[in-house]
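Colleague: I am new to this structure and would like to learn how to read it. Please take me through it feature by feature.

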Amino acid sequence: MPNWLKLIISIILPQAAGLTGAYFTISSADSWYAALEKPFFNPPPWLFGPVWTTLYLMMGWVCYLIWKSNHPQKRFLLSLYFIQLALNAIWSPAFFGAESPALGLLVIIPLGALVFICILQFKKISPWASGLMIPYFLWVCFAALLNFSIWCLN
């Protein structure tokens, strides 16, 4: 498969995961979520879309960097990538779809751990891939804190 096609697929996959999450978020953002008590550090709603879109683009580039390599552990590392992407896609249905901050926590905690493992492991193939995962990890940590705070307050 040519690298340009790998790049296109790599960019589309995390965006598709994001669209899955957006479907569940939009359906309950104005009703259930709006009625929840939120911590003082809750960002304005308009911030989430641009942040996640940017992070998904970066994640797509990461996937491409790993996929195009000839590293002997490429399949394993792509497996880690896709497992964390699946957890990412599951979080919104768990939190917003099920209207359950507790279920959201059960998803986001292993997600954060797996993203951290990806950061460490991706260095084997590409320091760029590893570095591009850091803002995502920081945002997931922030989202986990926000999720936990909402769970505590409600």
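Modeller: Start with one helix: the buried residues of H5 pack against H2, H3, H4 and H6. Helices (H or I, at least four residues) and strands (E, at least two) are DSSP runs, numbered from the N terminus. Buried means under 20% relative accessible area, exposed over 50%, and partly exposed in between, with a 1.4 Å probe and protein chains only. Contact means heavy atoms within 4.5 Å.
This is a predicted model, in which local features need pLDDT of at least 70 and side-chain atom pairs count only at pLDDT 80 or more, while totals for chains, interfaces and linings use all residues. Residues are numbered from 1 along each chain as its sequence is written, and side-chain values use heavy atoms, with hydrogens and water left out.

Colleague: Which residues of H5 are buried?

Modeller: The general idea is that an α-helix has 3.6 residues a turn, so residues three or four places apart point the same way. In H5 the buried residues include Gly-104, Leu-105, Ile-108, Leu-111, Gly-112, Val-115, Ile-119 and Phe-122.

Colleague: How does the span of H5 agree with its number of residues?

Modeller: The expected span of a helix is 1.5 Å times one less than its number of residues. H5 has 22 residues and should span 32 Å, and its end C-alpha atoms are 30 Å apart, which agrees. H1, with 27 residues, reaches 38 Å from its first C-alpha to its last, close to the expected 39 Å.

Colleague: Against which helices do the buried residues of H1 pack?

Modeller: They pack against H2, H3 and H4. Among these buried residues are Lys-6, Ser-10, Pro-14 and Ser-28. Ser-28 has 4% relative accessibility. Leaving out residues up to four places away in sequence, Ser-28 touches Tyr-33, Ala-34 and Phe-96.
Lys-6 and Ser-10 appear again from the side of Tyr-64, which lies in helix H3. Tyr-64 touches Asn-3, Lys-6, Leu-7 and Ser-10, again not counting residues up to four places away in sequence. Tyr-64 and Ile-11 are 53 residues apart in sequence and 7.8 Å apart in space, C-alpha to C-alpha. Tyr-64 counts as buried because its relative accessible area is 11%.

Colleague: How many helices and strands does the protein chain have?

Modeller: It has 6 helices and 0 strands, and the pattern along the sequence is α-α-α-α-α-α. The radius of gyration is 16 Å, close to the 15 Å that the globule rule gives for 154 residues, so the chain is as compact as a globular protein of that length. That radius is taken over C-alpha atoms, and the globule rule is 2.2 Å times the number of residues to the power 0.38. Of the 154 residues, 44% count as buried. Residues 24 or more positions apart account for 78% of the contacts with a separation of 6 or more.

Colleague: Is Asn-147 buried or exposed?

Modeller: Asn-147 is buried, with a relative accessible area of 1%. This residue is found in helix H6. Apart from neighbours within four places in sequence, its contacts include Trp-91, Phe-95, Pro-101 and Gly-104.
A second asparagine, Asn-88, is in helix H4 and is buried at 6%. Asn-88 touches Trp-52, Tyr-56, Met-59, Leu-111 and Tyr-136, with residues up to four places away in sequence not counted.

Colleague: What phi does Glu-99 have?

Modeller: Most residues other than glycine have a negative phi, and most peptide bonds are trans. Glu-99 has a positive phi of about 50° although it is not a glycine. Glu-99 is found in the loop between H4 and H5 and is partly exposed, with a relative accessible area of 42%.

Colleague: What volume does the largest pocket have?

Modeller: Rolling a probe the size of a water molecule over the atoms shows where empty space is left. On a 1 Å grid over the protein atoms alone, a cavity is a set of points where a 1.4 Å probe fits but cannot get out, and a pocket is an open set with protein on both sides within 12 Å along at least five of seven lines; lining residues have an atom within 4 Å of a point. Grid points are joined across faces, edges and corners, and a volume is the space filled by probe spheres set on the points.
Here the largest pocket has a volume of about 800 Å³. Of its 36 lining residues, the closest to its centre are Thr-25, Phe-48, Trp-52, Ser-92 and Phe-96. H1 gives the most to the lining, with 9 residues.

Colleague: How do the lining residues divide into nonpolar, polar and charged?

Modeller: There are 24 nonpolar, 10 polar and 2 charged. Ala, Val, Leu, Ile, Met, Phe, Trp, Tyr, Cys and Pro count as nonpolar, Asp, Glu, Lys and Arg as charged, and the others, Gly among them, as polar.
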